[in-house]
Amino acid sequence: MNAISFRGAGKTYRRSHLGKTTETVGLSGLDLEIPQGEVFGLLGLNGSGKTTAIKLLMGLHFPTYGEVEVLGHVMPEIDVLARIGYAPEAAYLNRSLTGRENLNLFAALSRIPAAEREERSRSMLAKVGLAHAADKRLSEYSKGMLQRASLAQALIHEPEIVVLDEPVTGLDPLAIKEVRALILWLKSKGKTVLFSSHDISEVERVCDRIGILSGGKLVKVMSQAEWRGKPDALENAFAESVSRTDGVGEIKLD
Amino acid sequence: MRTIQAVFAYTVKEHLRHKAWLSAALFGFVLLAGGLVVSAIAQDERARFMLDLGLSANEIIALVSMIFLTVHLILQEVESRAVYLILSHPVRRSDYLLGRFLGTLLSVGGAMALMGLAHWLVLQLFGGVPLGKYLTAWACSFGKTAVMGALSLLLSLALTSEAAAMAFAVFFWILGHFSAEMRFLAERSGNAAIKTAITAFSHAAPDFAHFNFRDHWHGTQPGEAWILWAGVYVVGYCAACLALSVQVFEQKEF
């Protein structure tokens, strides 16, 4: 069974201002199947539709047309969310709570029985290296610590699918290495991982397959065999497939 | 129910740690203490002056806190994107709204109870007041606060601007004290359209005549039916506002 299926899923953003409506295509008819246990990377420039695809999957956005199916259920479906872990591109956590309180909250929201929550939170904080800061408020956490706390909330309920939106953006090299190890560990546990990134070198190291998005369209899907042992194969494929759609020109060097 | 409980608990924690809210409560105590000094001027009516001043101060501070907190309650979580993580867990949007509202209501109610206790103790210095009567007056203020909280929450979601929601909430609060006058105006109006509009408006705006227990303090006491009806009105009005808030919130994308 596929863990995730996008079936002609599209999203058009409509904005009205002073009677004038403008439309922006966020995602255009995405067809994609991700089987269980696969690590799939979504590659693309800014505004290519990576985050839109993830938000449709998480039920944070509603598709304009088409549908997204997760574990056999058409999204948005509340009960399926208990089987997905999601870490957005930045740690959007409540800063007035401590690390432990945050994890206890997400454990409760993920339907973990009350008797298990404290122990789960404790072990998850230890797992992401935040045991020493468990009782500090998140307002006192550094950026790296917040990112770890965000990963912890995504994993506390031991989800079958882990969705990571640009998990290495803004991290230092050591933290990037740890995130990479985490993704491979999740794969070894049989989890399905979907993550988005700009970073080609990261994607090629951990993914079984990748999809390249450009202007809201899926322009290429590649499997590991197509880039493994072929230096620059993925980078060249990426450069050939994408074009800027954000209206930004190239930097002039003369 | 477990989800509502979890959202409720973190909302209460968040408010308890919110310095602006604590300073509002402190301001209440300062006002009550100030009343003690000022009441010395009203030689013959000191007890009455202290009673009215204390109840009014408690109600005004609670209303201001409630409007401020509920207007920011969801919009701030949307702005900080903390709502992404909450709603990417198996949380019904209605449960989230209800938990946030009830948590805020309890927080403000707790502050009101503290201010009420302090006020009641001060009143003992002036010969005291019957506890039952005092509790009824306090409950009426609390009912008014709950109604304004539910209305402010709805306005914040419908208008998506904190400033506009706050301005409209204050407008409805003022209007709520003139429901009888609005209905009188509607009756006197010769134009059927204006009559319908004013009547509809007078029913949509909260009717604070149901909570004017203080008007009866020194005269004939209203019966149990009056108090019961005030309770029914609070529950009904809050339920209607929350149901509409859920409708608006269900359509939102983050």
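The expected span of a helix is 1.5 Å times one less than its number of residues. Keep that rule handy for the first stop on this tour of a predicted model.

**Stop 1: helix 4 of chain A**

Select residues 114-127 of chain A, which make up helix 4. How far apart are the end C-alpha atoms of helix 4? They are 20 Å apart, and this agrees with the span of 20 Å that the 14 residues of helix 4 should have at 1.5 Å a residue.

Now show the side chains of Arg117(A), Arg120(A), Ser121(A), Met124(A) and Leu125(A), which are buried in helix 4 of chain A. To see part of what covers these buried residues, add helix 3 (99-109) and helix 5 (143-155) of chain A, which are included in the cover. Then click on Gly129(A), which follows helix 4 of chain A and has a positive phi, near 75°.

**Stop 2: the two domains of chain A**

Color 2-83 + 159-241 as domain 1 of chain A and 93-154 as domain 2. The C-alpha centres of these two domains of chain A lie 25 Å apart. Where they touch, domain 1 of chain A gives seven residues and domain 2 of chain A gives seven residues. On the side of domain 1 of chain A that touches domain 2 of chain A, you will find five nonpolar, one polar and one charged residues.

**Stop 3: strand 8 and its neighbours**

Next, select residues 192-197 of chain A. Is strand 8 of chain A mostly covered or mostly exposed? Strand 8 is mostly covered, with six of its six residues buried. Turn on the side chains: Thr192(A), Leu194(A) and Ser196(A) point one way from strand 8, while Val193(A), Phe195(A) and Ser197(A) point the other way.

Strand 3 (residues 39-44) of chain A runs parallel to strand 8 of chain A, joined by five bridges. Look for Val39(A), which stands opposite Val193(A) in strand 8. Strand 7 (residues 161-165) of chain A is also parallel to strand 8 of chain A, again through five bridges. Here the residue to find is Ile161(A), opposite Thr192(A) in strand 8. Add helix 6 (residues 173-188) of chain A to the view: strand 7, helix 6 and strand 8 of chain A make a right-handed β-α-β unit.

**Stop 4: an open sheet**

Strands of a sheet pair through backbone hydrogen bonds, either parallel or antiparallel. Select strands 2, 1, 4 and 5 of chain A, which form an open sheet in the order 2-1-4-5 with antiparallel pairing. Strand 2 (20-35) and strand 5 (73-74) of chain A each have a single partner strand, so one side of each is left without a neighbour in the sheet. Two bridges join strand 5 of chain A to strand 4 (residues 65-70) of chain A. Zoom in on Val70(A), whose bridge partner in strand 5 is His73(A).

**Stop 5: where chain A meets chain B**

Show both chains. The contact takes 23 residues from chain A and 21 residues from chain B. Which element of chain A gives the largest share of the side that touches chain B? That is helix 3 of chain A, with five residues. By class, the side of chain A that touches chain B has 15 nonpolar, five polar and three charged residues.

**Stop 6: a loop in chain B**

Finish at Gln221(B), in the loop between helix 9 (192-204) and helix 10 (224-250) of chain B. Gln221(B) counts as partly exposed because it has 13 C-beta neighbours inside 10 Å. Select Lys133(B) too: Gln221(B) and Lys133(B) are 88 residues apart in sequence, and their C-alpha atoms are 9.1 Å apart in space.

Terms used:
Residues are numbered from 1 along each chain as its sequence is written. Chains are lettered from A and ligands numbered from 1 in the order in which they are written. This is a predicted model: local features need pLDDT of at least 70, side-chain atom pairs count only at pLDDT 80 or more; totals for chains, interfaces and linings use all residues. A residue is buried if 20 or more other C-beta atoms lie within 10 Å of its own, exposed if 12 or fewer, and partly exposed in between; C-beta atoms are placed from the backbone. Helices (H or I, at least four residues) and strands (E, at least two) are DSSP runs, numbered from the N terminus. Two strands pair if DSSP finds at least two bridges between them. A crossover is right-handed if, with the strands pointing away from the viewer, the path from the first strand over the helix to the second runs clockwise. Domain bounds come from an automatic or database domain assignment. Two residues are in contact if their C-beta atoms, placed from the backbone, lie within 7 Å. Ala, Val, Leu, Ile, Met, Phe, Trp, Tyr, Cys and Pro count as nonpolar, Asp, Glu, Lys and Arg as charged, and the others, Gly among them, as polar.
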